[in-house]
Amino acid sequence: MPEVGSDRRMHDAEERVVGTVPFVLDVRVDGMAHAKAVRSPFPHARIRSVRTDDALAVPGVLLVLTGADLDADPEVNPYYGSPRPDQPALAIGKARYAGEPVAVVVAETAAAAAAAAPLVEVDYEELPHVVDANEAARPGAPVVHDAWPDNGCGSWRVRHGDPDAALASADRVYTGVYHSPSASHVPMEPMVCIADWTGGGLEVWSATQAPHAVREALEKMFAVPPGGVRVRTLNVGGGYGAKTQVKIEPLVACAARAAGRPVRMELARDEVFLTAAKHAATVELTTGVRDDGTIVARRVKVNYNAGAYALSSPIASGQGLTRANGPYTIPNVAIESVATYTNTVPSCPFRGAMTSQLAFAYESQLDDIAADLGMDPLELRRKNLLRDGEVYPTGEVMHDLHYDELLDDLERAIDWGGPPEPAPPGKARGKGIAIMLKNTLTPTRSEARLRLVPDGRVHLDSSTVELGQGSHPTLLQLTADHLGISADRLVRGFPDTAHTPYDTTTSSSRSTHAMGTALERAAADLKRRLRALAADHWGVPAEEVEVADGHVAHPGTGERLPWEGLLAATGTGEVVGEGVFAPDFGLTLLEDPHDVRGRVTVHWHQGGAAAEVEVDLETGRVEVLRMHANCYAGRVVSPLRVRQQNQGCAVFGLGPTLFEELHYQDGTLTNPNLSDYMIPSILDVPAVITSSALEAGDESAELHGVGEMALPAVAPAVANALFAATGTRIDRLPLTPERVLRALGEHDPVKEETG
Amino acid sequence: MTAPVVREPGSTREACALLAADPWGTKVVSGGTALVLMMRQGLVAPQSLVALWRIPGLAGITRAGDVLRIGATTTLAEVAASPLVRSVAPSLAHACSVVGNPRIRNVATLGGNLAEADYASDPPAALASLGARCHATGPDGTREIPVRDLVTGFYETVLDHAELITHVDVPIAGPGRRATYLKYRTRSSEDRPCVGVAARLDADERGRVRELDVVVAAVAPTLHRVPAALDAAAGRAVDDALAGEVARSYAEAVEPLEDARGSAWYRRRMVEVLVRRAVQRFTAPEEVVRSA
């Protein structure tokens, strides 16, 4: 019985529930010391001097390392970051955001390190700072990095047709500016890392989404040859993008090198907030339509707030560019996407990366257009949908698009044609829908290895990280089918760069497709090698050997052996199959970031959401009564997990939609804790929450990642439902009760009801 | 931050002596949900903690005549689930059931909740509206403090550093008593209140107001109460007009603070809406205790 298509439970489901699965948070190494960062209280300040005497006097403190120490060390390149190495492990010369590590204390105990950290005296000279990306992009704004005096951290453009002429001749032109604030990923497990140089090379444990990216960065920092750094991870307690790329590992590796001992660093919750955040974004959107609803032109300008350091923003802003058009056929388009440095927490991808900010803009505006034209929002979408054979602004002729089915599904699920349930007095109800389009990281590289060992089991070596998303059972199911054996015969450990081959990252909803394809190829390779081994053993042509059901067989001679029998008979230790998925095209391989032309993704992610809300007209509070989330899932490995991912998107998305927002005051983050920054709890889940996965009919269809597909549609679906209920359009997230109440007052002042 | 020494006295007398001996370096800990958060954020850094968990007789819910007595170290979950509290003081049970989340309520204690004096908290308003009094003991003896008068400012109470709350007495009324607690949140369901309104009505046989009390939490450093508006309600029929008048008085009198849960402008608006809704609950024949 095939594994794919069945809902195989995670092998460690019980252990997850009772809390016994291993995390890096649980790892301890003999002789390890503990590190605590000293963080800048100022958003932008020159570091005049650092006095460490008092901190060093605390019993148990081993050393205090500063940015100046790293700068003076000829054997360390303290700057990391790909593609732009602008971030020092500790601030050198100046601090660029409030919360940036400027020194690190290493002590025998975590308590001693924490006690000593406030005693490190740093003499700062405050500099003018900038928090808002639009201000930072203006001439004369404070400069965050001298090397990039315009604060530019990514700049991309695409032009298609003649948008100026088309807008000039359009029957109607709509312009809006849409704001999404920064938010925090809030993974349950904080960033945690242990670095150990004592064995000759550098050994690292880290709760990371990208172990090989961490390995490469550390090898570069310390000029170690490839393979000189070993990075291991275990189950990772949630990522949502926060643990992509490189985070605290360089700092911990520097501390361990200075200490000559293993060093462990576990971030406190406020430090997690200060390490990575979502890109705040402003989207200026102009759309020209004909009176019949045909979209003829679109101009988009998006400015992503990169924060103080680049991380992936130079490329992520390009990913935003490729998604900004939305899932519509528009013949004349101009898009400009930039990322801008500011003195805030560095931004990195946040589930629904770069896309949520855009979908909130284009899907909100589309409902405004529908209202103005007197059209049904669903019909307006159908009229303009991007379909197979149509040309995207990048010049790609699109295929494998399924927005018609997605819209049909949303229509059914939310009973679009039916009126909302009657609202109680003082409340209003409405329904909204939204869809989104997203590319996946391309180019990209996933390698996989399958090792048949003498006991007949097959070891699956893959660096895909289990974040709780279920990639582990998914990859086992896929591999079992490709090999034609039961998944019970597969063995898989955790990512370990010394043993599990290269993989770019576990993010961008890429693992099922990219690693799944690499494993398919590895399985074919393993079978080919088994065939060759058997052929050699039996003295028959390889093409006559059959590999099935865990056996090799030669029908002509009647020879038949189980795989482990073949190994025993031939004295073979193990048979290894290898597979690589590495598309040789994509965004970063295009010639000109200011004239983006060509294929930017191996396939397009497609998803949507529908919501029914009830608005309290006296308080402005929006309650989501019903939510439906869907996606195109291609060939589905586990229908249950796909639906759960969609539901996860719906719940995760409600936070930034309704209340999640990082607040800055005088350049300092004021709510870096889970009391002042709220995330949805189980009681915030709508009473009715449903989801569906549109499966491809045929078995040759592509596998699709599904981790983020519905998420970017959640906020606009809710905003559109609010609009349907009240006629009030809010162009700024989150849709807080106060914001809604003020907007209701402007739209149609709430009567003072005194009973 | 060095980990503080934890002392575990066996009596309130011993606990008070420990507190009196080191007025700057010690803090009382009961459930720890508030104190540990403050320690983690570096807001307080006590050298030693005086834990109440080994002191006998501080936890428990009993009834003596027309008084409901709740020990200081009774958890909020225990108060919320107590059949006795639910029967004689349902608004208090409800207020305790909507604090934070189950992890918090299972360890946070009623005495700790009062002594912390967090402006954005649910139980104090409910207790105050019911006329509850807390009993404190200290080096100079014991005293009774109306819950209404306990808090004097942000995280400040009338309690002396070496004084401990031992229990809270809640008067139990006869027929004609209606009470409710309305929690209004602007963010997640685990949030503190943006506005919390506790209301109590003691009505006469004709249903007219004998005594009305309305206490609003989370809008100012201390509990918000407008005695003149409550006095003016005496003898009136309980109807929408009364609810509206009381609500307007409360909204006019409040000097609202602002925080991440709402601006001063918004809070004033919500005081009016929520006070009105709370009092309006008494116009319906059956009391429905639920959150906003």
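**Figure 1. Helices H11(A) and H18(A) are roughly parallel to each other.** This follows because their axes cross at roughly 30 degrees, and angles under 35 degrees count as roughly parallel. The view comes from a predicted model. H11 covers residues 356-373 of chain A and H18 covers residues 711-726 of chain A. Their axes come within 8 Å, and H11(A) passes H18(A) in a right-handed crossing.

**Figure 2. Residues in the contact of H11(A) with H18(A).** H11(A) contributes Ser356(A), Ala359(A), Phe360(A), Glu363(A), Ser364(A) and Asp367(A). On the side of H18(A), the residues met include Leu711(A), Pro712(A), Ala715(A), Pro716(A), Asn720(A) and Phe723(A). The residues of this contact divide into nine nonpolar, three polar and two charged.

**Figure 3. An open sheet of five strands in chain B.** The strand order is S4-S5-S10-S6-S7, and the pairing is antiparallel. Strands S4 (61-64) and S7 (141-146) stand at the edges; each has a single partner strand, so one side of each is left without a neighbour in the sheet. From one strand to the next, the twist averages 25 degrees.

**Figure 4. Pairing of strands S6 and S7 of chain B.** Strand S6 (residues 133-138) runs antiparallel to S7(B), and six bridges join the two. Gly138(B) has Gly141(B) in S7(B) as its bridge partner.

**Figure 5. Helix H1 of chain B packs on the sheet.** This helix, residues 12-21, touches S6 and strand S10 (164-171) of chain B. The direction of H1 makes about 125 degrees with that of S10(B).

Key:
Residues numbered from 1 in each chain as written. Chains lettered and ligands numbered in written order. Predicted model: local features only at pLDDT ≥ 70, side-chain atom pairs only at ≥ 80, totals over all residues. Axes fitted to C-alpha atoms, helices over the stretch in contact; angles between N-to-C directions. Helix = DSSP H or I, 4+ residues; strand = E, 2+ residues; numbered from the N terminus. Parallel < 35°, antiparallel > 145°, perpendicular 65-115°, else oblique. Left-handed = near helix turned anticlockwise from the far one by under 90°. Contact = placed C-beta atoms within 7 Å. Nonpolar A, V, L, I, M, F, W, Y, C, P; charged D, E, K, R; others polar. Pairing = 2+ DSSP bridges.
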